[in-house]
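Visitor: Please walk me through how to read a few features of this model. I would like the general idea, then the case at hand.

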Amino acid sequence: MLRILINSYTCCPGMGSEQGMGWNWILSIARHCECHVITEGEYRPKIEAWMADSANAELANRIRFYYNEVTEEIRKRCWNQGDWRFYFSYWRWQRKTADIARDIIRKQHSKGQDIDIIHQLNMIGFREPGCLAAVSKEYDIPLVWGPIGGMKQFPMAYANGWKVALFHFVKNVINVTQMALYPRVRKTISQSSVLISSIPDSKKAIKRFYGRESVLIPETGCDLHSTDDYTATESRFNGETLNVIWVGKFAYRKHLDIALNAILNTKNPHIKMRIYGTGNDRQVAETKAFIKDNGLQDRIEMVGHIPAAEVHKAMFESDIFMFTSVDEDTSTVVLEAISTGLPVLCFDACGMAAVVDKRVGKKIPLTNPKQSAIHFADELNRMYHDRSILAGYSRNCPVKAMEQSWKRKSDRILSLYEKAIRDNKH
């Protein structure tokens, strides 16, 4: 059994986003390997509770955690998106993590149980590649980096207002500059035996700026449901109403406004949408005002923020999942929809471009918000009048879910590790 040293800044059982991504990758790796995981300590109680649960013993026996903790102030900076001060703290965390990694490697070697692979796992943003490239070179252990994200450009036509436009213009320029010139990124990519891209944009950027090939593996995965669940979905498409579901934060990049205008543009009282999620007071008030001003009270329901289990239940009861975000890597909620047999209507961009294909849904090209709302509306009307389209998408969801399942990712990751070790011997 291979021994893997993993740098995962954040991971936590039972969560989504970056925390859930780190956790699920670790469990996937532990299916085949012994894992030594260096992580921050914010979720230590939840991790230790999971490890102590006898139901998890088989995987827990293959994982050992090492905690490199930071202050509560740094944790707040981490989750306050846009707070650039966090990167300075994160860099210091990575330097200390490299020292912890060296200590683990030495202790494992003294026991005759050498580390076979070093894996820089998350956070997935390319700007902070960690400090394990030097450790990899020092001990001649293959380095795997990825999934690597953050290498996409924000589509400027979808920037709401001049402040958002200015922010993303500057961010796009910084992105390109860092990808082209940042020496630590270049050094880590050069030292890595295997590079994993989270989305097609990352794969293209790594090839363009560094001349390296990478493997495309979305950072999130599907949890598989039973065959009975999929079979039950087909009957729901025959109802008089086309039930649309939208899930997410009311952040500008999620573009709830496009979904709202799409429902309005269908001009069909039998196409209705439920919104799961919320935003700040202003965003909620603006959404309520739009619904009222356009007479959509009978067609759009704001459910608010509810537990994930209830959202999954709502997915089983819906006909189409409309996802209008223009700035994601691979959204967990898209894969959750597919795993429940729910067809997806989304943009042909970001991680969705790699996951959603003509078997399980329809992708809308990026143009501008007004035109996009029309495109989404046209597709909703088409699906309303021909329910066999939805039934066909739903029938194909189990295959797509298996392709994107954590089990399948586990097998792919093991093969990449084995290739890195073989290549390192030559």
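Guide: The turns below cover aromatic pairs, a charge over a ring, cysteines and a pocket.

Guide: This is a predicted model, in which local features need pLDDT of at least 70 and side-chain atom pairs count only at pLDDT 80 or more, while totals for chains, interfaces and linings use all residues. Residues are numbered from 1 along each chain as its sequence is written, and side-chain values use heavy atoms, with hydrogens and water left out.

Visitor: How many aromatic pairs are there?

Guide: A pair of aromatic rings is described by the distance of the centres and the angle of the planes. Rings of Phe, Tyr and Trp (its six-membered ring) pair if their centres lie within 6.5 Å; planes under 30 degrees apart are stacked, over 60 edge-to-face, and the rest tilted. The count here is 14 aromatic pairs. One of them, Tyr90 with Trp93, is stacked, at 6.2 Å centre to centre and 25° between the planes.

Visitor: Where do Tyr90 and Trp93 sit in the fold?

Guide: Both are in helix α5 (residues 85–110), three residues apart, so about one helical turn separates them. Helices here are DSSP runs of H or I, at least four residues, and strands are runs of E, at least two, numbered from the N terminus. Tyr90 is buried at 2% relative accessible area, and Trp93 is buried at 3%; buried means under 20%, exposed over 50%, and partly exposed in between, with a 1.4 Å probe and protein chains only. Ring pairs also link Tyr9, Phe86, Tyr90 and Trp93 into a cluster.

Visitor: Which residue lies over the face of Trp406?

Guide: Lys409 does, at 5.9 Å from the ring centre. The rule asks for NZ of Lys or CZ of Arg within 6 Å of the ring centre and within 35 degrees of the ring normal.

Visitor: How many disulfides does the structure hold?

Guide: A disulfide is a covalent bond between the sulfur atoms of two cysteines. With the cut-off set at sulfur atoms within 2.5 Å, the structure holds zero. For Cys397, the closest cysteine sulfur is in Cys222, 8.8 Å away, too far for a bond. The sulfur of Cys131 is 16 Å from its closest counterpart, in Cys78, which is also too far.

Visitor: Which helix gives the largest share of the lining of the second largest pocket?

Guide: α12 does, with five residues. A pocket is an open set of points on a 1 Å grid over the protein atoms alone, where a 1.4 Å probe fits, with protein on both sides within 12 Å along at least five of seven lines; lining residues have an atom within 4 Å of a point.
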